[in-house]
Amino acid sequence: MTTAHVTCPLCEATCGLEVTLDENQQVTRVKGDENDVFSKGYICPKGASLGALHHDPDRLTAPLVKRDGEFVEVSWQEAYDEIDRRLPPILEEHGRDAVAVYAGNPGVHNIALTLYGRVLYKALGTKNFYSATSVDQMPKHYSSGTMFGDPLAIPVPDLDRTRHLLILGANPLVSNGSLMTAPDIRGRLRGIRERGGKIVVVDPRRTRTAQFADEHHAIRPGTDALLLFALVNVLFAENRVRPERLEAHLNGLDEVRELARPFTPEAVAARTGIDAADIRRMALDLATENSVVYGRIGTTTQTFGTVASWLVDVLNVLTGNLDEPGGAMFPLAACQPTGNRRPFAVGRWHSRVRGYPEVVGELPVATLADEIETPGNGQVRALITVSGNPCLSTPNAGRLAEALKKLDFMISVDVYLNETSRQADVILPGPSPLERPHFDLAFYQLSVRNVANWTPATLPSKLPQEWETMLRLTGIVTGQGPEADVEALDDFVAADVARRAKLEVTPGRTGPARLVDLLLRAGPYDVTLADLEAAPHGLDFGPLKPRIPEVLCTASGRIELAPETIVADVPRLRAELAKPEDDGLVLIGRRHLSSNNSWMHNLAPLIRGGNRCTVLVHPADATRLGLTDGSLASVTSRAGKLEVPVEVTDEVRQGVVSIPHGWGHDVDGSRTRVASANPGVNSNLVADETLLDVPSGTSVLNGIPVEVAPV
């Protein structure tokens with residue numbers, strides 16, 4: 001028996017795990033690492049399933065090439081030869097933009113894809129880059145970029161010192177935190193109570209977090225920005241604005257005061273469904289030290305996602321709790337800390353068909369089907385998906401699935417033959433999480449404590465590491481062919497990182513290990529990869545510390561409290577005040593603790609507990625519509641229709657129905673036996689790809705107008 005200490009790569013919490021293997025290298029136990037400097041033994045069902053993922057018989061173990069409509073296993077050389085035969089001619093005849101990329105959520109949990117995916121995408125040179133970000137969190141990058149200059153400089157709640165936490169549209173007891181890296185959320189929230197503090201949740205559904213909270217307000221979906229502006233209005237009206245420490249670093253305070261004037265508690269109460277007196281009290285409760293506002297997917301995946309994301313941090317500024325202990329603070333990651341970048345800019349190019357602006361180098365995935373289906377110069381003719389399943393996870397997913405059939409060529413880098421990769425011509429698999437090294441480059445940028453941990457590969461892999469796959473593809477798209485010298489390409493990448501960091505490359509390392517070592521040495525803590533290798537439970541660099549002004553990289557060098565491009569969207573929000581109260585039904589999503597989007601549904605330990613794909617309906621709505629618990633209902637939107645079992649509950653507010661996302665594993669051609677036996681329904685079949693947050697282009701997945709009827 002051997003024991004390995006690894007960092008869980010399955011969600012944002014970055015928990016330390018202790019993995020036990022027998023003499024046949026079979027995982028016999030996974031438990032929390034009690035000595036991990038961050039998680040201290042905490043584990044959730046996802047982490048406990050790591051062995052099931054490693055041993056999943058459906059994981060691909062060889063490349064697949066589609067021949068005469070059927071997939072066959074081939075050698076790696078045959079796979080690369082097929083790509084070289086078909087992809088370069090498309091680039092040569094139709095240009096770089098004729099090839100699109102979709103990067104999925106699991107790639108952010110994979111250091112090889114995080115670091116070397118960038119190399120491939122830059123070499124490809126396409127403007128048609130899409131990712132899960134535009135169905136999830138782009139408004140927060142947009143608002144942080146315009147306010148602070150860096151789209152990755154996202155303030156996170158200093159959970160271990162706060163005394164008042166206002167949560168909007170987030171369910172961290174189930175998600176384990178999102179855009180907020182924090183293992184053992186329950187313990188950290190309990191700590192707020194132990195300090196005599198208070199937790200307030202604003203959510204259309206009485207989630208697990210809302211049940212735990214001291215106070216819950218069931219808001220009408222899509223109206224968070226109205227509520228937030230009303231909180232701002234009250235702070236100004238009651239003279240409770242106190243950004244004294246930040247005043248020397250602040251532009252736009254007076255403009256925000258004027259923008260907030262129409263949004264009184266009385267003006268927004270009917271639209272939000274929250275009483276004006278409660279709104280006024282919520283605002284005054286925030287006007288204390290050690291308070292923080294935190295908004296997540298319910299605030300980012302709605303019609304006013306960018307405005308809502310902006311107002312979250314406006315409130316943290318106005319209450320004096322931005323960059324203060326117990327408030328919203330900027331982590332200082334050991335690698336690539338935020339700040340010290342060129343000022344954020346958007347709209348450097350636009351999508352060809354619908355004219356959406358680029359944000360952080362991406363176009364909204366809601367328009368990918370348009371780009372494939374619409375003829376003309378720049379039409380997308382080939383697609384590379386990297387650890388992504390957009391045929392389940394993007395709006396009007398059925399339309400995109402049909403559009404993929406029209407491509408001339410498609411490559412999927414994926415460990416499963418799933419709902420998206422089944423459409424590919426070539427599938428390139430990668431090793432399991434236990435067969436590759438791990439470092440959380442992205443999530444340490446969002447951590448509620450400054451920590452770092454390196455996990456070496458626990459087991460050898462019979463498959464190439466994914467960084468080698470990325471470089472092999474880079475060689476093909478740069479004209480070097482399938483025989484490109486991967487070692488030379490890796491040396492070139494490392495030399496470029498070293499040049500930027502003004503460092504010498506440490507000999508004896510390759511791949512992600514070499515790059516992480518360089519990034520650590522260039523970072524703020526005077527540590528190397530060797531230091532992390534000597535500390536298998538991680539290194540703790542301490543609690544978050546104030547970082548203003550050094551984190552700011554706007555053109556002015558100040559916090560832009562009223563950024564022009566966000567302010568331009570406020571009139572659209574103000575028009576909502578004049579609209580009559582809508583009595584139609586709207587759809588929201590929901591999460592489960594043992595699920596993570598679409599990519600962990602093939603693990604039997606995580607599927608226990610019956611059918612989770614029900615539509616939650618309030619009893620009053622059920623009576624009005626003739627729905628009964630356990631019966632089937634049709635849910636219809638402009639985009640499509642699905643049938644789903646009914647669950648009658650007062651967990652959701654009246655006028656709201658809820659279906660979990662990421663399911664719908666009932667299509668032909670996939671090879672995921674557990675998921676196929678527990679398919680659920682794909683709520684994205686009724687998500688409308690024409691509904692977007694205007695500034696960021698993010699899909700509206702909460703507050704979708706639907707009709708519900710008995711089947």
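How many cavities of 30 Å³ or more does the structure hold? In this predicted model, the count comes to 7.

The second largest cavity encloses about 100 Å³ of space. Its lining is made up of 15 residues. Those nearest the centre are K140, I154, P155, Y294 and G295. Three elements each give two or more residues to this lining: β8 (156–157), β13 (291–295) and α14. The largest share comes from β13, which supplies 4 residues. By residue class, the lining of the second largest cavity has 10 nonpolar, 3 polar and 2 charged members.

Open space was examined next. The second largest pocket holds about 600 Å³. It is lined by 30 residues, and R220, P221, R271, D582 and V586 are the closest to its centre. The elements that contribute two or more residues to this pocket are α11 (265–272) and α25 (619–625). Of the elements, α11 gives the most, with 3 residues. The lining of the second largest pocket divides evenly, into 10 nonpolar, 10 polar and 10 charged residues.

One of the residues closest to the centre of this pocket is R271, which sits in helix α11. Is R271 buried or exposed? Its relative accessibility is 16%, so R271 counts as buried, the cut-off being under 20%. The side chain of R271 makes a polar contact of 3.0 Å with that of E576. Beyond its neighbours within four places in sequence, R271 touches R220, T223, L226, E576, K579, P580, E581 and D582. Two of these contact partners, R220 and D582, are also among the residues closest to the centre of the second largest pocket.

Helix α10 (residues 253–260) carries a set of buried residues: L253, V256, L259 and A260. Why do they lie on the same side of α10? They cover an arc of only 120° around the axis, and therefore share one side of the helix. What covers the buried residues of α10? The covering elements include three helices listed by residue range, α9 (224–237), α14 (305–318) and α22 (564–567). Strand β12 (250–251) and helix α23 (570–574) are also among them. Helix α14 thus appears in two settings: it helps to cover the buried residues of α10, and it gives two or more residues to the lining of the second largest cavity.

Technical notes
Residues are numbered from 1 along each chain as its sequence is written. This is a predicted model: local features need pLDDT of at least 70, side-chain atom pairs count only at pLDDT 80 or more; totals for chains, interfaces and linings use all residues. Side-chain values use heavy atoms; hydrogens and water are left out. On a 1 Å grid over the protein atoms alone, a cavity is a set of points where a 1.4 Å probe fits but cannot get out, and a pocket is an open set with protein on both sides within 12 Å along at least five of seven lines; lining residues have an atom within 4 Å of a point. Grid points are joined across faces, edges and corners, and a volume is the space filled by probe spheres set on the points. Ala, Val, Leu, Ile, Met, Phe, Trp, Tyr, Cys and Pro count as nonpolar, Asp, Glu, Lys and Arg as charged, and the others, Gly among them, as polar. Buried means under 20% relative accessible area, exposed over 50%, partly exposed in between (1.4 Å probe, protein chains only). The arc is that of the directions from the helix axis to the C-beta atoms. Contact means heavy atoms within 4.5 Å. A polar contact is a pair of N or O atoms within 3.5 Å; within protein, one must be able to donate a hydrogen and the other to accept it, and residues adjacent in sequence count only if both atoms are side-chain atoms.
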